[in-house]
Amino acid sequence: MTLSEWSYTVMVYATVGYLLAFAMHALEWSAARGLAPTRPADGSEDAQRLRVDQWGRFGVAATVLAAVLHISAVVLRGVAAERPPWGNMYEFITSALAFAVLIHLVAVARFGMRWLGLGLTLLYSIGLGVAVTQFYVEVSPLVPALHSVWFIIHIVAAAIAGAAFNVGAVASALYLARDAAERRAESRGVPLTGYLAKLPSARTLDLVSYRLHAFAVPLWTFTIAAGAIWAQYAWGRFWNWDPKETWSFITWIVYVAYLHARATAGWRGRPVAIIALIGLVTFWFNFIGVNLLFSGLHSYAGI
């Protein structure tokens, strides 16, 4: 078996690992059904709380194992290709999700954000699943246009920014769920129960999402600037209104609108969370939909 084949096989195992981690986190949420936000004095819920934490720890352990396989597969792909593994959509998706899982695991280890697990392991399972079943291509040399240091700078910046956008979007989605639950519980005059009660407050989730986007948007701005410099090197023009460039710009506009609404207009909560989710849709359409639906200067690597 060649290194390329080993890389693909390990990536498939990583996909299965993330799917298992998602199942563990789903059981964690399910086990918390009806659980009160605070521990009763009589300890009547201790066994249920233990089950919740146990499934959560299993989910994190499965995520760590899958992440080791995932990152190993990306490295093997690069070794097999004898170049950075960012030459086509399969390689970009798997690398971007590898950055996402690194941010995820740092957030879990450093800040106790285990609550990111359900949404992110679902994202990894779907993303890698689509990559290995639909977008896999054999290792091939880079076309001349990609032989530039700006290619590496541009792609790494895009992958890190994309990873932060994805983690931030999960935080925004959880904010919407927690906020709706808080409002519903308040209107009924009852305490919030279930796993949503274990999440940070809606205000905290909103702040986490904002900080991730505040980190990612300047990096995405740099990604576009680096891409323009690379375009000048490769095609003799800084900007060509290629479909990929156009949708990168649209994505930038959506996320700048997010930061502007948050910082200048004073928007909080639901409106900016919805903008964050729209931004994620434009991000993934840029890196998948554009490749499948349009042709342009960025079609050199196929899928």
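Here is a short back-and-forth about this predicted model.

Student: How many aromatic pairs are there?
Tutor: The rule looks at Phe, Tyr and Trp rings whose centres lie within 6.5 Å. Going by that rule, the count of aromatic pairs comes to 17.

Student: Let's take Phe165 and Tyr255. Is that pair stacked or edge-to-face?
Tutor: You describe a pair of rings by the distance of the centres and the angle of the planes. For Phe165 and Tyr255, that's 3.7 Å centre to centre with 0° between the planes. Planes under 30 degrees apart count as stacked, so the Phe165 and Tyr255 pair is stacked.

Student: Which parts of the chain does the pair of Phe165 and Tyr255 tie together, and how far apart in sequence are they?
Tutor: Phe165 lies in helix α5 (residues 149-188), while Tyr255 lies in helix α7 (residues 243-263). The pair therefore ties together parts that sit apart in sequence by 90 residues.

Student: Is Phe165 buried or exposed, and what is the relative accessible area?
Tutor: Buried means under 20% relative accessible area. Phe165 is therefore buried, and its relative accessible area is 0%.

Student: And Tyr255, buried or exposed?
Tutor: The relative accessible area of Tyr255 is 1%. With buried meaning under 20%, Tyr255 counts as buried.

Student: What about the rings of Phe283 and Phe287: stacked, tilted or edge-to-face?
Tutor: Their centres are 5.1 Å apart, and their planes are at 50°. Under 30 degrees would be stacked and over 60 edge-to-face, so this pair is tilted.

Student: How are Phe283 and Phe287 separated along helix α8?
Tutor: An α-helix has 3.6 residues a turn, so residues three or four places apart point the same way. Phe283 and Phe287 are 4 residues apart in helix α8 (residues 270-293), so their separation is about one helical turn.

Student: What are the relative accessibilities of Phe283 and Phe287?
Tutor: Both fall under the 20% cut-off for buried. Phe283 counts as buried at 0%, and Phe287 is buried at 12%.

Student: Which residues form one aromatic cluster?
Tutor: The Phe165 and Tyr255 rings we talked about belong to it, and so do Phe283 and Phe287. In full, the cluster is Phe92, Phe165, Trp220, Tyr255, Phe283, Trp284 and Phe287.

Student: Switching to charges, how many salt bridges does a search of the whole structure find?
Tutor: Side chains of opposite charge can pair when their charged atoms come close. Here the cut-off is a nitrogen within 4 Å of a carboxyl oxygen. Searching the whole structure on that basis turns up salt bridges numbering 8.

Student: Which residue meets Asp53 in a salt bridge?
Tutor: The N to O distance for this one is 3.9 Å, and the cut-off is within 4 Å. The side chain that meets Asp53 belongs to Lys198.

Student: Are Lys198 and Asp53 buried, partly exposed or exposed?
Tutor: Partly exposed is the range between under 20% and over 50%. Lys198 has a relative accessible area of 35%, so Lys198 is partly exposed. Asp53 has 27%, so Asp53 is also partly exposed.

Student: Which residues are linked in a network of salt bridges?
Tutor: Lys198 and Asp53 meet in one salt bridge, and both belong to this network. Its members are Glu28, Asp53, Arg114 and Lys198.

Student: Which residues does Glu91 meet in salt bridges?
Tutor: One salt bridge has an N to O distance of 2.7 Å, with Arg77. Another comes in at 2.9 Å, with Arg83. So, going by the within 4 Å cut-off, the names include Arg77 and Arg83.

Student: Is Glu91 buried or exposed, and what about Arg83?
Tutor: Glu91 has a relative accessible area of 1%, so Glu91 is buried. Arg83 has 11%, still under the 20% cut-off, so Arg83 is buried.

Student: How far apart are the end C-alpha atoms of helix α4?
Tutor: Helix α4 (residues 117-134) has 18 residues, which at 1.5 Å a residue should span 26 Å. The model agrees with that, because the end C-alpha atoms are apart by 25 Å.

Student: Last one: which residues form a nonpolar patch on the surface?
Tutor: One member is Leu3, found in helix α1 (residues 3-31). At 39% relative accessibility, Leu3 counts as partly exposed. The patch has about 240 Å² of accessible area together, and its residues are Leu3, Val75 and Val79.

How values were computed
Residues are numbered from 1 along each chain as its sequence is written. This is a predicted model: local features need pLDDT of at least 70, side-chain atom pairs count only at pLDDT 80 or more; totals for chains, interfaces and linings use all residues. Side-chain values use heavy atoms; hydrogens and water are left out. Patches are made of residues with over 30% relative accessible area and no salt bridge: like charges are joined within 9 Å, nonpolar side chains (Val, Leu, Ile, Met, Phe, Trp, Tyr) within 5 Å. Accessible areas come from the Shrake-Rupley method with a 1.4 Å probe; for residues, only the protein chains shown count as cover. Helices (H or I, at least four residues) and strands (E, at least two) are DSSP runs, numbered from the N terminus. Buried means under 20% relative accessible area, exposed over 50%, partly exposed in between (1.4 Å probe, protein chains only). The expected span of a helix is 1.5 Å times one less than its number of residues. Rings of Phe, Tyr and Trp (its six-membered ring) pair if their centres lie within 6.5 Å; planes under 30 degrees apart count as stacked, over 60 as edge-to-face and the rest as tilted.
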